Structures are given as C-alpha cells and as structure tokens.
Amino acid sequence: MADNEKQRLGSVGLALSGGGFSGAGAATGFACAIDLLMENHSITDLAYYSGISAGALISSFLAAGISPLDMVHGTYNPDFPDFRPFRKFDLYRPNWQELRTSLRRLRRRTWHRTSGWFRRHKPGNIEKGADLLPSGILSNESLKSVVERNLEHRGKLAFADLSCHLRVVFYDLLAAERIVAGNGPGEIATIPIAEAVAASAAIPGVFTPRRIQWEGRPLLGVDGGSGGASIDISDGDRLNVLFVYNHMGYTARNMAGHIGALGILDLSRQLLSNQSNIQEIANYIDAHPARHVWYYECPSTKLAGMLSYAAMLTQARETFELTRAWLSKNIDYFGLVLEENGITINPAFSEITFDDIVEKGRLLKGNELSI
C-alpha cells in the first residue's frame, strides 16, 4: 500500500460518458476543472471511477494516478516525460490488414463474375457481398498501445494494481451481453485495463472490434455506449459525492433546412443515448436521495466532431472554461459539501486559465497528492 493511501477520498467518485474524440477532450477539460477546484486533494485521489468509451479512456488514466493537468500539458508539450499523448496517427491508423483482405476479395470476385468459370460454378461465397467490408475502417491498436504505455509508466496495467475502484464497460457482440471489467464485486478483473478500454472505445463500423479471450471464451468487444446509455454508475452505493459528466456530442441548430438522412440518424442516436443517460442518473438519485450527485452536461452548439482530433483539443479548452464557470457559480454549495468530505476549495480556482494548464500542468497544484 502506498504511503499516501490515507489520502484516498473514499466517499467521492467520478463517472464519465462516451463521445468519441471530442468526448475524450471534454472529459479531460471537466476533470481539470474538478482537480483545480480541490486545494488539498487531486481528482486522482478519488475512490471510484467509472467510464464508457471515451470516458473509460480518461477514467483509466485518473485511476492510475495520471493528473488531467498532465494530460493537457503533455499534449501541448511533446518533451514532457510523464505522459504520452495521443497523436493523429494513433487515432487515424487504417485497418490495413482487413482493408487489404477486402480489396483482394473484391478483385477476385470481379474476375469471377466476368469469367466463364463463375457461370459454371457459382460458388456460394462468391454470391455474398457483406464480407467485402472490413470489421472497422480504423484500427485502435495504437490507441491501446498509448493507454498501455501510460499505465505501465505508473505500474498500473492490471485492475489488481489499482488502489481505487475502476469500472470499464463494453459490449460483447458474440453474446449480445454487457461486460463490466473492473476490480469490484462481480466485475471481470483479469482483462488488462488497456484491452478493456480499447474495447469500450471501439465505435462500431469505425474501429475494429477487440477480440479478447476470457476464461476460454472469445469476446468481440465494441463501444460501451452501443446499448444506449453511455454513463454507468450502478455500483456507487457507498459514495457521498458523485461527479458526473455527460457528453452530448452536438446539437443541430440552424441545420433543419439542409440536414440529410445520415445526419438525422446520428442526431436520433445521440438523442436516444442522452435520454438513457439522464434516466440512469435519475434512477441513481431516486435510489440514493441523501447523496450529492453533481451532473454536468456541456451545452455544445456546433458540430463537435466525434472523430475530429482538432475537436478533441478545442473541447478540452471549452469544457474546462464552462465547467469552471459552473463550479464558480455554485461555489458556496460545492465548498460546503466538499468540506464535509475532507476537501478544501482552492481560493485561486476562478483565476486559473486553460493556458496556465498548458504551460504548467500539475505544477499548478503545488505538491501533487496523487496515489
């Protein structure tokens, strides 16, 4: 056990939703604001972290003791040794293996259809067309490697290495079953954290599903938000305070006159997911009326770009500023509740800017109290 294990905030937790690349940036900005609000603790000192998809990515870093301030600082300062940020190639790495296989199949099929051999034999596999498409356009192997590298740097590759509770949710397509990887009761702790995170972030049709062997059973893991809700707080019964971030993605203002079918489908998906998230929170509040659940949803007003690297950076900045304003507006209430749970408020909180984080990272906190 670490010497500063006593600093773990056993009654405070964090739940982060999915939202693609922009969701990861927004979750980082949100975490930065919460971290800077605390004077005598860090957001890496919490007892409970839960994440789905992009939220699983950021939650895993926080659970391993990686400060969100370092995530931002490392992204803008490539020489920073304590955090390996995501680069464009990590997120846009083509699924070359399956794409090459699909091209070979297409070439072979085209030749068969124009030859006398096809007319004589008509084999069943030539008639099928679905196998021409890869399981995902992009590979998330590089994403997994970045997560693995950062966790290994802190000796936290396995759920058993953590001194806090981390939940990572994904779906197994083979069994149409929701999988919860984590170190809590009834959760699967034998899947490596980076593998579970890569599965949770595998957006169907975009990223290749993760093929995982678990106790002799094959799992085909995809985005944890595939089942509707992209927030998970079903095991936070012991918490007094829960910070929740929900990423909407984007709204369709000024789009009604020219939105197409694909845009309608995407907006419908986001609406369904958001309603599921709100219901998840409402159920938790109803079941725990004495708990403090602080739920924040970034009011995005433009295309955020779920698969945009640039949006990841801009959403981190915008969400930090919005969250800081939200916390500052309610600082008396937040301060009172947090003080009851052993947290004092940073008096300089409202004066810190995102550019300060880019420049200094965790040095803004003085002596960082991370586990």
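A salt bridge here is a side-chain nitrogen of Lys or Arg within 4 Å of a carboxyl oxygen of Asp or Glu. Keep that in mind while looking around this model, which is predicted. A search of the whole structure turns up 13 such bridges, and some of them join up: Glu141, Lys144, Glu195 and Arg210 are linked in a network of salt bridges.

Let's start inside that network, with arginine 210. One of its partners is glutamate 141, and the closest N and O atoms of this pair are 3.0 Å apart. The bridge links distant parts of the chain, since arginine 210 belongs to strand S7 (residues 210–214) while glutamate 141 belongs to helix H8 (residues 141–153), 69 residues apart. How buried or exposed are the two ends? Arginine 210 has a relative accessible area of 8%, which is under 20% and therefore counts as buried. Glutamate 141 comes out at 30%, so it is classed as partly exposed.

Arginine 210 also forms a salt bridge with glutamate 195, and here the closest N and O atoms are 2.7 Å apart. This pair too links distant parts of the chain: glutamate 195 is in helix H9 and arginine 210 is in strand S7, with their positions 15 residues apart in sequence. Glutamate 195 is buried, because its relative accessibility is 12%. Seen from arginine 210, then, one bridge goes to helix H8 and another goes to helix H9.

Now move to another salt bridge, the one where the side chains of glutamate 187 and arginine 167 meet at 2.4 Å, N to O. Glutamate 187 sits in the loop between strand S5 (177–182) and helix H9 (193–200), whereas arginine 167 is in strand S4 (residues 165–172), so this pair, 20 residues apart, again links distant parts of the chain. Both glutamate 187 and arginine 167 are buried.

Glutamate 187 is worth a longer look. Its place may be a loop, but its relative accessible area is 12%, so it counts as buried. What does glutamate 187 touch, once its neighbours within four places in sequence are left aside? The contacts are His165, Leu166, Arg167, Val180, Ala181, Gly182 and Asp235. Its side chain also reaches the backbone nitrogen of glycine 184, at 2.8 Å. For a sense of spacing, the C-alpha atoms of glutamate 187 and valine 169 are separated by 9.9 Å, and these residues are 18 apart along the chain.

Next come the aromatic rings. A pair of aromatic rings is described by the distance of the centres and the angle of the planes. Counting pairs with centres within 6.5 Å gives 15 aromatic pairs. Take tyrosine 245 and tyrosine 296: their rings are 6.4 Å apart, centre to centre, with 35 degrees between the planes, which makes the pair tilted. Tyrosine 245 lies in strand S9 (residues 241–246) and tyrosine 296 in strand S10 (residues 292–297), so the pair ties together parts that are 51 residues apart in sequence. Both tyrosine 245 and tyrosine 296 are buried.

Strand S10 has a hand in another pair as well, through tryptophan 294. The rings of tryptophan 294 and tyrosine 333 have centres 5.6 Å apart and planes at 70 degrees, so this pair is edge-to-face. Why edge-to-face? Because the angle is 70 degrees, and planes over 60 degrees apart fall in that class. Tyrosine 333 is in helix H12 (residues 331–340), so the pair ties strand S10 to a part of the chain 39 residues away in sequence. Tryptophan 294 is buried, at 4% relative accessible area, while tyrosine 333 is partly exposed, at 38%. Both pairs feed into a cluster in which ring pairs link Phe30, Phe243, Tyr245, Trp294, Tyr296, Trp326, Tyr333 and Phe334.

Stay on helix H12 for a moment, which also holds aspartate 332. Aspartate 332 is exposed, with a relative accessible area of 67%. Its C-alpha is 9.8 Å from that of isoleucine 345, which is 13 residues apart from aspartate 332 in sequence.

To finish, go to the surface. Tyr92, Met306 and Leu307 make a nonpolar patch of about 220 Å² there. Tyrosine 92 is found in the loop between helix H4 (88–91) and helix H5 (96–113), and its relative accessible area of 30% makes it partly exposed.

Technical notes:
Residues are numbered from 1 along each chain as its sequence is written. This is a predicted model: local features need pLDDT of at least 70, side-chain atom pairs count only at pLDDT 80 or more; totals for chains, interfaces and linings use all residues. Side-chain values use heavy atoms; hydrogens and water are left out. Rings of Phe, Tyr and Trp (its six-membered ring) pair if their centres lie within 6.5 Å; planes under 30 degrees apart count as stacked, over 60 as edge-to-face and the rest as tilted. Helices (H or I, at least four residues) and strands (E, at least two) are DSSP runs, numbered from the N terminus. Buried means under 20% relative accessible area, exposed over 50%, partly exposed in between (1.4 Å probe, protein chains only). Contact means heavy atoms within 4.5 Å. A polar contact is a pair of N or O atoms within 3.5 Å; within protein, one must be able to donate a hydrogen and the other to accept it, and residues adjacent in sequence count only if both atoms are side-chain atoms. Patches are made of residues with over 30% relative accessible area and no salt bridge: like charges are joined within 9 Å, nonpolar side chains (Val, Leu, Ile, Met, Phe, Trp, Tyr) within 5 Å. Accessible areas come from the Shrake-Rupley method with a 1.4 Å probe; for residues, only the protein chains shown count as cover.
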